[in-house]
Amino acid sequence: MLSNDLLQYAKNLGFGELHFKIDQTKELYAIIGIHSTQRGPALGGCRCIEYVSIDLAIHDVLRLAQGMSYKAAMANLPLGGGKTVLMRPKQLKNRDAYFQTLGRFVNDLKGRYIIAMDSGVVMNDMDNIALETPYVVTTSKHKGDPAPYTALGVLRGIEAAVKFKFQQDTLNGLHVALQGLGHVGYNLANRLHKQGVRLTVCDRDQKLTTHCAKELGATIVKSEDIYAVECDIFSPCALGAILNDESISQLKAAIVAGAANNQLAEPRHASLLKEKGILYAPDYVINAGGLIYAYAEYRNYINKEFVEQHIQAIYDTLLELFQRAHKENKLPHEVADSMAEARLIKPNAHAIIGD
Ligand code: NAD
């Protein structure tokens, strides 16, 4: 039975729909949350991880689907927000059949939800979903990687933060401490290097840091030392919840702007950053480049220039957001939430791609 707490949580988030699918023969326990279709079909990733309880899985799907609605609204996309959570069994006996069954479940929603790849899911799984439904992105058909587009958006976001904080139009000579050199982080490091930025980096994978030092002249620090680096910008591109009491007490940067999802451990950590005079670029606004790419893929607008042009808008959105936060004496993420909520209510006023 869905607990009253979860129902209340769903209500507070402004839901929406929750769909469950159980197929015992395939060991499929799937939940699709559709937060909103006000702006268009709900697009969002599919997570396939082990959950200790159904309540935690539902909590995750609710929270993540709402996040996707806000991200799409702030990226001016004609999309709503949704998410799939799969309660992964200890062993997946027939992975292909498992994801094909999920594909039929997505198809039953008749296009109100478009599924994409997320944690615990690989491209072959997406291809199996695509055998059963057209409402899918991030398959091998387009062979596209959203990470370079996410990195481009983060770069534009850093530029907006620098413009607002330092009143300067160039990143040349600035110092960025970058956490995580994965798909997004390494691409971002490259782009920053080209703009004359000095880099200090960390990653759990020593091969990545060594390569970055060799190719881009980056200084390497241990993962636990990245927060205390004296720099202009701290760019988290690895983990969620990294803005917490411990990390914030060490930060010496003037700006936090990076790709990682759910960076604030708790909302109160945004206030802590402000108290320290640190400008925070809300994660779901700055990291929307990948979503813009995914939407373009769905609509077959695969044209690099076209997608990049729309990603440029992240600069204007963030600058407007910082200015409003300053004027209204609010936190940037509070302003982002209220801007997103306004766009969910008046969906067509801001759409810039598609219908
Ligand atoms: P990734 O898995 O390719 O890279 C993450 C990197 O972080 C890895 O190299 C890993 O070794 C490193 N790492 C993990 N823990 C670390 C630690 N404690 N200290 C230092 N390094 C650590 O992931 P990605 O696709 O580059 O995404 C990075 C972040 O951006 C994630 O939070 C992801 O959710 C978010 N994001 C990614 C995209 C995208 O297009 N890929 C879009 C939006 C948001």
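Trainee: In this predicted model, what share of the contacts with a separation of 6 or more comes from residues 24 or more positions apart?

Mentor: The general idea is to ask how far along the sequence two touching residues lie from each other. In this chain, 66% of the contacts with a separation of 6 or more are between residues 24 or more positions apart. An example is glutamate 132, whose C-alpha atom is separated by 5.0 Å from that of glycine 103, although their positions lie 29 residues apart along the chain.

Trainee: Where does glutamate 132 sit, and which residues does it touch?

Mentor: Glutamate 132 belongs to the loop between helix 4 (123-130) and helix 5 (147-166). Once residues up to four places away in sequence are set aside, glutamate 132 touches Gln100, Gly103, Arg104 and Asn107. Its relative accessibility is 27%, so glutamate 132 counts as partly exposed.

Trainee: How many helices and strands should I expect to find as I trace the chain?

Mentor: You should find 14 helices and 11 strands. Along the principal axes, the C-alpha trace spans about 60 × 45 × 40 Å.

Trainee: What does the radius of gyration say about the chain as a whole?

Mentor: The idea is to compare the value with the one expected for a compact globule of equal length. For 355 residues that expectation is near 20 Å, and because the chain has 20 Å, the two agree. Burial adds to this picture, since buried residues make up 52% of the 355 residues. As for the outside, the accessible surface comes to about 15,900 Å², and carbon and sulfur atoms account for 50% of that area.

Trainee: How far apart are the mean positions of the positive and negative charges?

Mentor: The chain has 38 positive and 38 negative charges, and their mean positions are 2 Å apart.

Trainee: Which residue does UniProt list for "active site", and how should I read that entry?

Mentor: An annotation of this kind comes from a record, and it may be inferred rather than shown by experiment. The UniProt entry, which is unreviewed, lists Lys83 for "active site". In the model, lysine 83 is part of strand 4 (residues 80-87).

Trainee: Is lysine 83 buried or exposed?

Mentor: The cut-off for buried is under 20% relative accessible area. Lysine 83 has 6% relative accessibility and therefore counts as buried. Its contacts, apart from residues up to four places away in sequence, include Ile31, Ile32, Gly33, Tyr113 and Asp118.

Trainee: Which strand holds arginine 47, and what is in contact with this residue?

Mentor: Arginine 47 is in strand 3 (residues 42-49), and because its relative accessibility is 18%, arginine 47 counts as buried. Beyond its neighbours within four places in sequence, arginine 47 is in contact with several residues, among them Asp60, Arg63, Thr84 and Asp118. Asp118 is also one of the residues that lysine 83 touches.

Trainee: Which residues does UniProt list for "binding site"?

Mentor: The unreviewed entry lists Gly180, Leu181, Gly182, His183, Val184 and Gly185. Glycine 180 lies in the loop between strand 6 (175-179) and helix 6 (183-194), whereas histidine 183 is in helix 6. With 4% relative accessibility, glycine 180 counts as buried, while histidine 183 is exposed, with a relative accessible area of 65%.

Trainee: What do glycine 180 and histidine 183 touch?

Mentor: Leaving out neighbours within four places in sequence, glycine 180 is in contact with Gly185, Cys202, Asp203, Cys237 and Ala238. Histidine 183, read in the corresponding way, touches Asp145 and Ala147.

Trainee: Which backbone features deserve a second look?

Mentor: Most residues other than glycine have a negative phi, and most peptide bonds are trans. Against that background, a cis peptide bond joins phenylalanine 15 and glycine 16, with omega at about 5°. Glycine 16 is in the loop between helix 1 (4-13) and strand 1 (17-23).

Trainee: Where do the positive phi values of alanine 241 and asparagine 262 fall?

Mentor: Alanine 241, with a positive phi of about 55°, is in the loop between strand 9 (233-236) and helix 8 (245-250). Asparagine 262, whose phi is near 50°, is in the loop between strand 10 (255-256) and helix 9 (268-275). Alanine 241 counts as partly exposed at 37% relative accessibility, and asparagine 262 counts as partly exposed at 38%.

Note on methods:
Residues numbered from 1 in each chain as written. Predicted model: local features only at pLDDT ≥ 70, side-chain atom pairs only at ≥ 80, totals over all residues. Heavy atoms only, no water. Helix = DSSP H or I, 4+ residues; strand = E, 2+ residues; numbered from the N terminus. Rg over C-alpha atoms; globule rule 2.2 N^0.38 Å. Buried < 20%, exposed > 50% of the residue type's maximum accessible area, 1.4 Å probe, protein only. Contact = heavy atoms within 4.5 Å. Areas by Shrake-Rupley, 256 points an atom, 1.4 Å probe, with all protein chains shown as cover. Lys, Arg positive; Asp, Glu negative; His and termini not counted. Charge placed at Lys NZ, Arg CZ, Asp CG, Glu CD.
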